[in-house]
Amino acid sequence: ALTEALGAILSDIRRLGESGAAPNVAAAWPALREVPDLEAVFAVDGRPVLAAWAHVPARAERPPGLLARFDDGRAWQAPPGFPWRPWALAGGALAALALAAGILLPLFGAALVPVEIPACRLDPASLATYQEAQREAERQDALEAELARLEEERGRRRLACPLPVEQPPPPEPP
């Protein structure tokens, strides 16, 4: 179980280096998979802990170190992108359906359900009442305009009044 957990961690580190997201990890990967011997692998709370990790330099004349055999060897794969094509096709189909519905439904609806516009009939008494109300509204507007004119004239007259020049006598002392 310890070597399986160690292998999973090492494989994740290798794939991180392959992804290009961590160039320092990619550069250090040959040394990261080296330990002097398996006595440098410990278990703490069920998780592998490496002592003297990367203390043995990786050399080309010897095969990869002791930890390399626990690597699963699966290459890094880019995460799948957003599926644009199916979404674009579905959106286009919905837009075409909406366009067809907007054009065809009014045509077929008018053919299936003819609309009759009711004739508007007005009672002569109601017409007379309406005309009288219109005349009263016009009269009210005229009266409001006359009132505004009179208030403006009153204000002008008040402004035209001169102020008294003489000062009133001072009050008598008590």
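1. Helix 1 against helix 2. In this predicted model, helix 1 covers residues 2-19 and helix 2 covers residues 23-32. Their axes come within 8 Å. The crossing angle is roughly 145°, and the crossing is left-handed.

2. Who makes that contact. Helix 1 contributes L10, I13, R14, L16 and G17. From helix 2 come V25, A26, W29 and L32. By class, the contact residues of this helix pair split into seven nonpolar, one polar and one charged. R14 is the charged one, and G17 counts as the polar one.

3. Overall order of elements. The chain holds four helices and two strands. Along the sequence they run α-α-β-β-α-α. The two strands thus sit between two pairs of helices in the sequence order.

4. Spread of the chain. The radius of gyration is 48 Å, whereas the globule rule gives 16 Å for 174 residues. The first value is well over the second, so the chain is more spread out than a compact globule. The C-alpha trace spans about 115 × 95 × 30 Å along its principal axes.

5. Burial and contacts. Of the 174 residues, 12% count as buried. Consider the contacts in the chain with a separation of 6 or more: 60% of them join residues 24 or more positions apart.

6. The annotated segment. An unreviewed UniProt entry places a "coiled-coil region" at residues 130-160. In the model, this stretch is 100% helix and 0% strand. Its end C-alpha atoms lie 46 Å apart. The coiled-coil label itself comes from the UniProt record; the helix content and the end-to-end distance are computed from the model.

Conventions
Residues are numbered from 1 along each chain as its sequence is written. This is a predicted model: local features need pLDDT of at least 70, side-chain atom pairs count only at pLDDT 80 or more; totals for chains, interfaces and linings use all residues. Side-chain values use heavy atoms; hydrogens and water are left out. Axes are lines fitted to C-alpha atoms, for helices over the stretch in contact, and angles run from 0 to 180 degrees between N-to-C directions. A crossing is left-handed if the near helix is turned anticlockwise from the far one by less than a right angle, and right-handed if clockwise. Contact means heavy atoms within 4.5 Å. UniProt positions are given in the numbering used here, feature names are shortened, and annotations may be inferred rather than shown by experiment. The radius of gyration is taken over C-alpha atoms; the globule rule is 2.2 Å times the number of residues to the power 0.38. Buried means under 20% relative accessible area, exposed over 50%, partly exposed in between (1.4 Å probe, protein chains only).
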